[in-house]
Amino acid sequence: MARNVAQKLIEAHLVEGEMKPGEPIAITIDQTLTQDATGTMVMLELEAMGLERVKTELSAQYVDHNLIQGDNKNPDDHLFLQSSAARLGVWFSRAGNGVSHPTHQQHFSKPGKTLLGSDSHTPAAGSMGMLAIGAGGIDVAMAMAGEPFHLKMPEIWGVKLTNKLKDWVSAKDVILEMLRRHGVDGGTGRIIEYYGPGLESLSAMDRHVIANMGAELGATSSVFPSDEAVKRFLTAVGRADDWQELKADKGADYDVHETIDLANVEPLIAKPSSPGNVVPVREVAGEPLSQAYIGSSANPGYRDFAIAAAMVKGRQIHDWVSFDVNPTSRSILETLVRDGHVASLLAAGARLHQAGCNGCIGMGQAPANDTNSLRTTPRNFPGRSGTREDRVFLCSPETATASALRGEITDPRDLDFDYPRIEEPDSPIINTQNLFAPLKEEEARKVKLIKGPNIESLPEFEPLDDNLELPILVKAEDDVSTDEIMPAGSEVLPYRSNIPRIADFVFRGVDEDYVKKAKDKGDHIVVAGDNYGQGSSREHAAIAPRYLGLRIVIAKSFARIHWQNLINFGVLPLTFASEDDYDKLEAGQSLSFEGLHDALQQDTLKAKGEHGEIDLKHGLSPRQLEVLLAGGLINWMRNNKEAA
């Protein structure tokens, strides 16, 4: 049978199940990626499991999110991560070396391999002919321990690209076009595979931009073939031997079909406060701004900075605009310095920051209140920038830079100079000084974990009771993100290794009284609309509410990673059999469940409330039910280990 690229990747790693959309499958994982906002929990989970050494082909730990050292908490956690990586046989990329995704692409991405990462933008590696999937930290910990990754077989969504992009239009506009067409949940249950003649004009880093933000569509992953563009990239970074061709078979088909004529794509922008709120830039042109921000994992390549530098060369940024440049890796920064682009940016008035995620995750570069900020980041959820009442727009480097020059949102096609031509360098600087290889096993065993005073052990969670009567504490609307459930930023994320403390921030911005109510009421329910838990993979958005007593979430639909994270920590995710029942439920009401354990053996179950019985569905596999009823994945593993 003719196979597309995604099917070939899954088939080569399949260990359980059938490749039929919606069916439970399990695949082996070759590589893992963790970063410091989520990796601390992964390392604590591996410690709880008693793992001596990772069993993957390659695992890498990056420090790229929590770089602000306002006190001891972040640097303490960095030392814990470095000592854990040394102890377990994990590559370690220290603070300032670069954002995980472009750094991993440069050093480790390999066509034909699988990658599981505790970061929702892990699918960026799909640009290299890999199957790369974002997941909760404990799923990544399981993969590092040698366990397969369990998921439902996705549909494969084939997107044919034709022609080539016009001047002033770039890869960011392609993924914004996908979001304009399909919104933030259009990719749920799907892998997006790009193919067609339009690929010839897209570099490996252009593809990284598109694959990275497939996460904003809710897609399981995004996949590109491994072709000459991937070969050129690997050759340039000195890894030509890692290349292999991986293309769809002749006659391969897709479950879903789509075409994008690249010649018809125009500059686009996502308005506040959703990546799916996309319009042409020309529709909002003329609005003032106070900040333009270049960088992040969504626009991490050399050309994304070089195009901005070429646009501002010999010119000045508008007096009322902060032009923030956030390099995505030390290697890219050094190459930009060598080629004169950093000098152009600085001369024009840019502010140069350290290599890292920085303002994308609310770690610095917060915008002024009540002003517009244009960013090349992947997300603009409310408050994610660090300013609670922010107005963040997502756009290409061309649009952000044009707007910084003019002092107002500007369609770059309206500038009075020609489009600069930027070529990817054939000989980029490769800096490995701050990337530490795994120790040999004998040396690794001598390493002692360094734990600062902020690091707390994981809380113990009891199994799910058979009979429950629970109050509804929160009723949320559609598209609640994990940033709204568990905020990011410089105030909150330093407590990522301290669940009791970070729990004090749960639902800030959704229900300011939630934490107090949860501590008063104990076990409880949250009700939500569609696409609950979109965005970041951080499992704190499941663990911290569970610590406060969350036992059940009832939603119209869930984002994939958060749905699994809830199960992993013993929180039952349910959906309405009839969405009309959402309107019957309000905060303050109670629901009761009787004989829950037996009821979960069926596809539907009933809850009793003041409006009578409500039919609910769960969609859990037998394995997920076992995990849930045990009170979470750690309990389940412990039970299985004792039984063995």
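Phe 149 in β8 is the bridge partner of Ile 27. This is a predicted model. Strands pair through backbone hydrogen bonds, either parallel or antiparallel. The points below take an antiparallel sheet, then a set of parallel pairings around strand β10.

**The antiparallel sheet**
- Strand β2 (residues 24–27) pairs with β8 over 4 bridges, in the antiparallel sense.
- An open sheet is formed by 3 strands in the order β1-β2-β8, and the pairing is antiparallel.
- β1 (14–16) and β8 (149–152) are at the edges, and each has a single partner strand, so one side of each lacks a neighbour in the sheet.
- On average, neighbouring strands of this sheet are turned by 40° against each other, direction ignored.

**Strand β10 and its surroundings**
- Is strand β10 buried or exposed? In β10 (residues 190–195), 5 of the 6 residues are buried, so the rest of the structure largely encloses this strand.
- Buried here means under 20% relative accessible area.

**From β9 to β10**
- Strand β9 (residues 155–162) runs parallel to β10, and 6 bridges join the two.
- Glu 193 in β10 has Gly 158 standing opposite.
- Between β9 and β10 the chain passes through helix α6 (residues 171–182), and this β-α-β crossover is right-handed.

**From β10 to β11**
- Strand β11 (residues 221–223) also runs parallel to β10, joined by 3 bridges.
- Val 223 in β11 stands opposite Glu 193.
- A right-handed β-α-β unit is made by β10, helix α7 (residues 204–212) and β11.

Definitions and conventions: Residues numbered from 1 in each chain as written. Predicted model: local features only at pLDDT ≥ 70, side-chain atom pairs only at ≥ 80, totals over all residues. Heavy atoms only, no water. Buried < 20%, exposed > 50% of the residue type's maximum accessible area, 1.4 Å probe, protein only. Pairing = 2+ DSSP bridges. Right-handed = clockwise from strand over helix to strand, strands pointing away. Axes fitted to C-alpha atoms, helices over the stretch in contact; angles between N-to-C directions.
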